[in-house]
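Visitor: I'd like a close look at one part of this model. Could you walk me through the six-stranded sheet and what packs on it, then a few of the salt bridges?

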Amino acid sequence: MTELFLIESLDLEARGIARRDGKTIFVEGALPGEYVEAEVFRKKPSYEIAKTIKVIKSSSARVTPKCEHFGVCGGCAMQHIDPSTQVAIKQQALEDAFKHIAKVTIPQVLPPIHGPAWHYRYRARLSVRYVEKKGGILIGFHERKSRYVADNHTCPILPKAVSDMLMPLRTLIGSLSNFERIPQIELAMGDKIVLVLRHLEPFSAEDFEKLDKFAQDYQVSWWLQEKGPDTVKPLHEEDRALLAYTLPQFNLRMNYRPTDFTQVNHQINRVLIARALSLLEADKNDRVADLFCGLGNFTLPLATQAKEVVGIEGSSALTDRALSAAQVHGLDKKTRFTTLNLFEVDVQWLRDLGYFDRMLIDPPREGALAVSRALAKLDTHERPKRIVYVSCNPSTLARDTAILVRVGGYKLMKAGVVNMFPHTSHVESIAVFEAGEKPLEVEEEIDVETQSDTPVDEV
């Protein structure tokens, strides 16, 4: 049975939000301002989820999705929305997180960082499944809210060369002796396209010949993964040093392994680094900390400006490669790298590192709760004068902001979004804090839960 709904707003999964007798209805495929006919397919006590059947009155922000698989493939959620509107939606999500979780408003909204909307994704993990009913091997992202693999023939968010080879790649995998024991292919693109082939059984000599021919025909390099990430190795040793991304404005070339964490969007990453360093305002006399430093994505650029930069990361493999990069670029005398679990630090650890004039924080989705608590407990004269926080999760950023501002006495100065993943619901953002007077509020009085006020459909 269908119903008519007037869509009021949009959630981060790009579902329209309507109301019926005070109850929230999430309508998939509907946009704010639209009048749609939809069918409810899931009911919960506090909300329902429906799917658009027909758009009766269309929004000016609605566009025709570029990808033929949109709506089925779970790789994108917003292709039916104009890119500028996508950015506005993400900015609103960031502001809402600050308002509802941190109980603060953003004093100055930074201009959004955005770039090419297509063929931007230089890293991806593609699932591989043999499905006889669909003609054999499938390679792509999972279907939306499903464990099934989408039948992707092309993908406009992947580099064009990779999108063009999806069907030939399916033919290749289907021809290998162990095709049913290959669960995934990981893409990493730098100087060359690298494909990491996860395999649960060995390859035959004939398989290796097929892999070599494909590599030659499509200009790719194969890496093989038999077990965990530590077993990844190139099929041919000469391919070991191929991967790198460049930061031309700092004259840096960052080498990495195909399974190392790097930003998926190299062009946006360059702009993000420049923005972060500009906001941090470090000079030649400053000592700077780069927490969750990874390969030194921010550390090395900072070292071209500051007196000393200390990079801290939980993986020794990453800090080793960061140090190696610093040595290659002649920055090792201005950098120091430490391996430490930043989810378990305390204020004494922070004091033992010595005073930092500035600090950059770039954590994973879990945020930097322990670091924020440690910073909040520092005495006024011990605190970094300025903090730039790069986040991939508005909820944990807002939670940590509550602690920094309302316990640590920091002032939120600016914040804005970074559209690192166009057409997806992923929200990258950046925020700036300055040290102020320490308040009297204690953390126990602050609710730092990151749950959204809006119900979200179960996966």
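Guide: Here is the sheet, followed by its helices and then some charged pairs.

A word on the source: this is a predicted model, where local features need pLDDT of at least 70, side-chain atom pairs count only at pLDDT 80 or more, and totals for chains, interfaces and linings use all residues. Residues are numbered from 1 along each chain as its sequence is written, and side-chain values use heavy atoms, with hydrogens and water left out.

Helices (H or I, at least four residues) and strands (E, at least two) are DSSP runs, numbered from the N terminus. Two strands pair if DSSP finds at least two bridges between them. On that basis you get an open sheet of six strands with mixed pairing, in the order S9-S8-S10-S11-S12-S13. Its edges are S9 (136–140) and S13 (233–234), each pairing on one side only. Further in, S8 (residues 123–131) and S10 (residues 184–189) run antiparallel, joined by five bridges. Across that pairing, arginine 125 stands opposite glutamate 186 in S10.

Now for the helices, with contact meaning heavy atoms within 4.5 Å. Helix H3 (residues 166–175) packs on the sheet and touches S8, S9, S10, S11 (193–198) and S12 (220–225). The direction of H3 makes about 135° with that of S9; axes are lines fitted to C-alpha atoms, for helices over the stretch in contact, and angles run from 0 to 180 degrees between N-to-C directions. Helix H4 (residues 205–218) packs on the sheet as well, touching S11 and S12, and its direction makes about 145° with that of S12.

On to the charged pairs. A salt bridge here is a side-chain nitrogen of Lys or Arg within 4 Å of a carboxyl oxygen of Asp or Glu, and the count comes to 27. One of them joins aspartate 286 to arginine 358, with the closest N and O atoms 3.4 Å apart. Aspartate 286 sits in the loop between H5 (266–280) and S16 (287–291), while arginine 358 is in S19 (residues 358–361), 72 residues apart. Both are buried, that is, under 20% relative accessible area, against over 50% for exposed and in between for partly exposed (1.4 Å probe, protein chains only).

Arginine 287 and glutamate 308 make another salt bridge, at 3.0 Å, N to O. Arginine 287 belongs to S16 and glutamate 308 to S17 (residues 308–313), so this pair ties together parts 21 residues apart in sequence. Arginine 287 counts as buried at 15% relative accessibility, whereas glutamate 308, at 24%, is partly exposed.
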